[in-house]
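Please look over the sequence and the model below before reading on. The explanation goes from the whole chain to single residues.

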Amino acid sequence: MTAGKPFRNNVFRKLPINEALAVRTGGRHSLRPVYRSRDLVVLGLGVMIGAGIFKIAGQQAATTAGPAVIASFVIGAIVMLLCALCYAELASAIPVAGSAYSFTYVLFGEIWAWLIGWAMLLELLLAAAVVSRAWSLYVVAGLRDLGIEIPAAIEPYVGQLSGFDLFAFAILVTVVFVVAVGSRLGVRVLWLMVAAKVVVIILVIGVGAWYVNPANYTPFIPAPQASGAHQENLLQLIFGGIPHVFGFAGIFTAAAVICIAYIGFDIIATAAEETKDARHDVPRGIIDSLLITIALYVGVAVVMVGMQRYDRLDPNTPLASAFAALGQGWTAKAIGVGAVLGLSTVVLVVTIGATRVVFSMARDGLLPRPLAHIGGFRTPTRATLAVGTLAIAGSQLIDVLTLESMVVIGTLAAFLFVASGVLVLHYRRPNLKRGFTTPLVPLVPLFALGSTGWLMLNLSVKTWTYFGAWMGVGLLVYAGYGQRNSRLGQSLREQLAAADLGQQELEQHGPHGAHT
């Protein structure tokens, strides 16, 4: 290799922006555009609104913030909106499958892209496994609430916290089939389920509003109390101190948990390559879906703490128990239906997102290239089957419900690189064509960076330990496979070999072809 060559072939090599965008001009095999702006909004609502919308406000009000949980929702919304604005810009500038993985590959280099892609696989595969398990639990509870008996032959195999679960297996197999058969079919199914669960949520808010008692909002910020909890998160480990609930500290503690409930808009960016006018529709889909989600979450929170005093809410089933206490048992049953629908759409959307990340990484050679094969339905069938197999195995063989926080840390790691990516993009490529620009740069991405870091510090030391182990395994996989099979690396090696050959000929024959 001759010194001074302009080719950089190491683990920090960056994917050229024109190479990343070649998928939209036929330069690389790409996915069929099927999504419109409103489809992306539904995609976002499908993943952000799960069963947690009926629980998290009451849980945090009862244990952490009191009626001020409403303020916690607003704070969490602001934090997530800052991150969403950063995602919107990068998705409009680099509208390809892979989301944060692809952005990082272009802006920071291959090794960082691999780590973010690996973190996203943790997030999405584990989310599919975790939510399928939760779906089974809710289905069993809903059937019993409706007085429907579960056959004795299958009762030991449904609604289980661990071990084989027939319902979790069935929902994942069904979702994998829908995703593999075609993106358009998945969109139609998603529209139906999202519409149904939004109707249920609006019904809950409308009925609950009739039972709101303004006295239940007082005191809005209860007096602070020592929580008595163990110092188990990283922030407490670093700075020490006695953790408190309620008071102003409780508002921000609850906000950290609530931010996590809004996570999911990032998956919209994985559909950029399949969106007809990605530069404009993807940013619109990200922001609109998040704003609608914020409105619904805040609406449920206002109603929930207004229906019943915060210290009387059941943290496990706050909304359903509040309606039941008011004699509105039918509404509690509707909440059960809404929870099942909510979790169904989450499983569908995270599976779509995972297949697109696997497809993108395989197309770049960092995962086995056969996974980038596009089948007869114009979908990444092999990637879908691989994702489905791993999600099913995880749901059946691992106690995934104890690993829920691992989903969060993978997402937040991607948020860090996306916020940083906006700063890099504005500095290095200020004139790059984009359909959306993050306002108030560098303030918005800097605030997004700070708030995301704060959320990560609030995760437990145990979660950080597991995440470190997962990323360590990822580095070994990259060193053993990805680095050697990278399509970009192979291309650069060919360019270096050609450059070396040209240099040798120049040294032998001189600039005019004369032999020296």
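The paragraphs below cover the overall fold, then one helix, then the salt bridges.

The model is predicted. The protein chain contains 18 helices and 2 strands. Along the principal axes, its C-alpha atoms occupy a box of roughly 100 × 50 × 40 Å. The radius of gyration of the protein chain is 25 Å, which agrees with the value near 24 Å that a compact globule of 516 residues would have. Of these 516 residues, 55% count as buried. Among the contacts in the protein chain with a separation of 6 or more, 82% are accounted for by residues 24 or more positions apart.

The surface and the charges can be summarised briefly. The protein chain exposes about 21,100 Å², and carbon and sulfur atoms supply 66% of that area. There are 34 positive and 25 negative charges in the protein chain, and the mean positions of the two sets lie 5 Å apart.

Helix 3 serves as an example of a covered element. Helix 3 spans residues 56-65, and 8 of its 10 residues are buried. Those buried in helix 3 are Ile-56, Ala-57, Gly-58, Gln-60, Ala-61, Ala-62, Thr-64 and Ala-65. What do the buried residues of helix 3 pack against? Their partners are helix 4, strand 2 (244-245), helix 10 (247-262), helix 11 (278-307) and helix 12 (318-325). Gly-66 follows helix 3 and has a positive phi, near 65 degrees.

Gln-59 also belongs to helix 3. Its relative accessible area is 25%, so Gln-59 is partly exposed; the cut-off for buried is under 20%. When its neighbours within four places in sequence are left aside, Gln-59 is in contact with Pro-315 and Pro-318. The C-alpha atoms of Gln-59 and Pro-318 are 6.6 Å apart in space, while the two residues are 259 residues apart in sequence.

The salt bridges come next. Side chains of opposite charge can pair when their charged atoms come close. A search of the whole structure finds 11 salt bridges. One of them pairs Glu-19 with Arg-487, with the closest N and O atoms 2.8 Å apart. Glu-19 lies in helix 1 (residues 17-20) and Arg-487 in helix 18 (residues 487-509), so this pair ties together parts that are 468 residues apart in sequence. Glu-19 is partly exposed, at a relative accessible area of 26%, and Arg-487 is partly exposed as well, at 23%.

A salt bridge also joins the side chains of Asp-39 and Arg-36, at 3.0 Å from N to O. Here the partners fall on two sides of the burial cut-off, under 20% relative accessible area. Asp-39 is buried, with a relative accessible area of 2%, whereas Arg-36 is partly exposed, with 30%.

In a further salt bridge, the side chains of Glu-89 and Arg-434 meet at 2.9 Å, N to O. Glu-89 is in helix 4 (residues 69-93) and Arg-434 is in the loop between helix 15 (404-428) and helix 16 (443-457), so the pair ties together parts that are 345 residues apart in sequence. Are these two residues buried or exposed? Both Glu-89 and Arg-434 are buried. Elsewhere, salt bridges with shared partners join Glu-19, Asp-364 and Arg-487 into one network.

Note on methods
Residues numbered from 1 in each chain as written. Predicted model: local features only at pLDDT ≥ 70, side-chain atom pairs only at ≥ 80, totals over all residues. Heavy atoms only, no water. Salt bridge = Lys/Arg side-chain N within 4 Å of Asp/Glu carboxyl O. Helix = DSSP H or I, 4+ residues; strand = E, 2+ residues; numbered from the N terminus. Buried < 20%, exposed > 50% of the residue type's maximum accessible area, 1.4 Å probe, protein only. Rg over C-alpha atoms; globule rule 2.2 N^0.38 Å. Contact = heavy atoms within 4.5 Å. Areas by Shrake-Rupley, 256 points an atom, 1.4 Å probe, with all protein chains shown as cover. Lys, Arg positive; Asp, Glu negative; His and termini not counted. Charge placed at Lys NZ, Arg CZ, Asp CG, Glu CD.
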